[in-house]
Amino acid sequence: LGDVYKRQLQKEKSRGMIEFKNVYKTYPNGFTALKNINLQIEQGEFVAIIGLSGAGKSSAATYLEDMGYYTVDNVPADIILKFAEFCAQSDGRYDRVALVSDIRSGNGNFQGILDAMERLKQGGDICRLLFVTADLETIIKRYKETRRRHPLMQQADSLEKAVRTEQEMMEPLRQRADVVIDTTHLSTAQLRGELLRHFGSD
């Protein structure tokens, strides 16, 4: 396509998309293969949903799915990049993806997910980390109401200790999050509103 179009391609790719404007291609024999072609390939968008158990990650994933995201639960970090390649070849069907992870993913080691997200950012994709949290009393109350077992109960002698341990383990991720949503005082409608505000289409 020539140096001008190559420079344009690199410039647009650095902004997160590939765009051709008014592209022409004519061969020496006079045959015109391309004439006034305009093409734009939008970047992919990935949201990693991470947070405290019982804080509302599943609800957040459900609402993002309603907003057009393709949600995947507990994708291993070592296949995120391969999964992203699959999404890129899906003709737009999977251009907005939400990946849900919890404390059980990688035994609480999320560095692989963070590294994969950083690689995707470098490739021009939009990648954001959503951290979902709630205060200690609220999470304990939710667990008692649902009678679910906290994933760290095998390592703790009480539900309160399990929640506190998880809070400590997840704090570095909270610090690196692009968006933090505290569901302590949020109704389901308010949670949906917060997600629309941060992740809804313009």
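These legends go with close-up views of a predicted model.

**View 1. Strand E3 sits buried on both faces.** Strand E3 covers residues 45-51, and seven of its seven residues are buried, so the strand is largely enclosed by the rest of the structure. In a regular strand, side chains alternate between the two faces of the sheet. Look at one side of E3 and you'll find Glu-45, Val-47, Ile-49 and Gly-51. Flip to the other side and there are Phe-46, Ala-48 and Ile-50, and these are buried too.

**View 2. E3 pairs with strands E5 and E6.** E5 (residues 96-100) runs parallel to E3, with five bridges joining the two. Zoom in on Ile-49 of E3 and its bridge partner in E5 is Val-100. E6 (residues 126-133) also runs parallel to E3, this time with seven bridges. Here Phe-46 of E3 has Cys-127 of E6 as its bridge partner.

**View 3. Helix H4 has a buried side.** Ile-113, Leu-114, Ala-116, Met-117 and Leu-120 are the buried residues of H4. They cover an arc of only 160° around the axis, which puts them on the same side of the helix. Their cover includes E3 and E6, plus helix H3 (80-88) and helix H6 (159-176). Over on the other side of H4, Arg-119 and Gln-122 are exposed.

**View 4. H4 from end to end, and what comes just after.** H4 has 12 residues (111-122) and reaches 16 Å from its first C-alpha to its last, close to the 16 Å expected at 1.5 Å a residue. Just after the helix, Gly-124 takes a positive phi of about 105°.

Definitions and conventions. Residues are numbered from 1 along each chain as its sequence is written. This is a predicted model: local features need pLDDT of at least 70, side-chain atom pairs count only at pLDDT 80 or more; totals for chains, interfaces and linings use all residues. Side-chain values use heavy atoms; hydrogens and water are left out. Buried means under 20% relative accessible area, exposed over 50%, partly exposed in between (1.4 Å probe, protein chains only). Helices (H or I, at least four residues) and strands (E, at least two) are DSSP runs, numbered from the N terminus. Two strands pair if DSSP finds at least two bridges between them. The expected span of a helix is 1.5 Å times one less than its number of residues. The arc is that of the directions from the helix axis to the C-beta atoms. Contact means heavy atoms within 4.5 Å.
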